[in-house]
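Work through the exercises below with the sequence and the model open. Each task is followed by a solution in steps.

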Amino acid sequence: MNICSCSVLVLALQIGLLNHLCSADPTDGFTNVPLTDANFELQKPYVIPLSERYSYENGVHKLWVYADDKPHDPNSHTQPRTEIRIRGLDYSSGVWQFEGYGFVPNGTSGATIVQIHGASHGATTIILRIYDGDMRFYNGDLVTTDLYDKWFRVNLIHDVDGGLLTVFIDGEQKFQHKDQGPGDLYFKCGVYAAPSNISYYMESRWRDIRIYRK
Ligand SMILES: *[C@@H]1O[C@H](CO)[C@@H](O)[C@H](O)[C@H]1NC(C)=O
Ligand SMILES: *[C@@H]1O[C@H](CO)[C@@H](O)[C@H](O)[C@H]1NC(C)=O
């Protein structure tokens, strides 16, 4: 190799390194866990056929529910939901990450669109809920604003060992919170009605759902 091509190589390496530093991705350092259909369990109002609350076309899961729908189980007294429950990847330690591209139509409000179910205190570790186009942690802290009618990327990292949750929207870190302790933990996405201030119709769409771990 002559001196000229060598300095070109050094320059190329420097640009590569800069690109890498500038475009740090929430999934860096994580390993993708391959998913099959068996990892996608659908929950929907128990009296209604799945096709009346869920469709899957061109890689897009569309889930919807109405405020006066029944719960997902006749023995449950929870609010109505149509949700994908990631099955077979329950965790209780380590560092796990949910990734998905979500879409919420204008009008859907008071709907949990992503959650980690399970905790040592309470039923859930985190609930990400849409109110009037904004995303909130439960009905409190604002995570991000202005999500109606557009695709957005969600990355949710749960460091169980460190007790920490981190939320990225479109690759940008937006929110961090302590978790609720370890438990039988799993990811869900879709629509799950909040206790109050809910729209009659709730919908979210999801594509490219992936799970990663460290
Ligand atoms: C949502 O719909 C309402 C009522 O039609 C409208 O006033 C509002 O501007 C819409 N919001 C967005 C972000 O499009
Ligand atoms: C419901 O909305 C009302 C009016 O916007 C607000 O005052 C109240 O705090 C909300 N309740 C919950 C549980 O978010």
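**Exercise 1: an aspartate in a loop**

Task: Decide whether D149 is buried or exposed.

Solution. D149 has 11 C-beta neighbours inside 10 Å. The cut-off for an exposed residue is 12 or fewer, so D149 counts as exposed. This is a predicted model. Next, place the residue: D149 sits in the loop between β10 (142-144) and β11 (151-159). Then check the backbone: D149 is not a glycine, yet its phi is positive, near 60°.

**Exercise 2: the shell of ligand 1**

Task: State which residues are around ligand 1 and sort the shell by class.

Solution. D149 from the previous exercise belongs to the group around ligand 1, together with N106, G133 and Y148. Sorted by class, the shell contains one nonpolar, two polar and one charged residues.

**Exercise 3: a second positive phi**

Task: Find where N58 lies and decide whether N58 is buried or exposed.

Solution. N58 is part of the loop between β3 (54-57) and β4 (60-66). Its phi is positive, about 50°, although N58 is not a glycine. N58 counts as exposed because it has 5 C-beta neighbours inside 10 Å.

**Exercise 4: the largest nonpolar core**

Task: Name the members of the largest nonpolar core that touch the most other members, and list the contacts of I113 beyond four places in sequence.

Solution. The core has 42 residues, and those touching the most other members are A111, I113, L128 and V191. Strand β14 (residues 186-193) supplies the largest share of this core, six residues. Outside its neighbours within four places in sequence, I113 contacts G102, V104, L128, I130, C189, G190, V191 and S204.

Conventions
Residues numbered from 1 in each chain as written. Chains lettered and ligands numbered in written order. Predicted model: local features only at pLDDT ≥ 70, side-chain atom pairs only at ≥ 80, totals over all residues. Near = placed C-beta within 6 Å. Nonpolar A, V, L, I, M, F, W, Y, C, P; charged D, E, K, R; others polar. Core = buried A, V, L, I, M, F, W, Y, C linked by C-beta atoms within 7 Å. Buried ≥ 20, exposed ≤ 12 C-beta atoms within 10 Å, placed from the backbone. Helix = DSSP H or I, 4+ residues; strand = E, 2+ residues; numbered from the N terminus. Contact = placed C-beta atoms within 7 Å.
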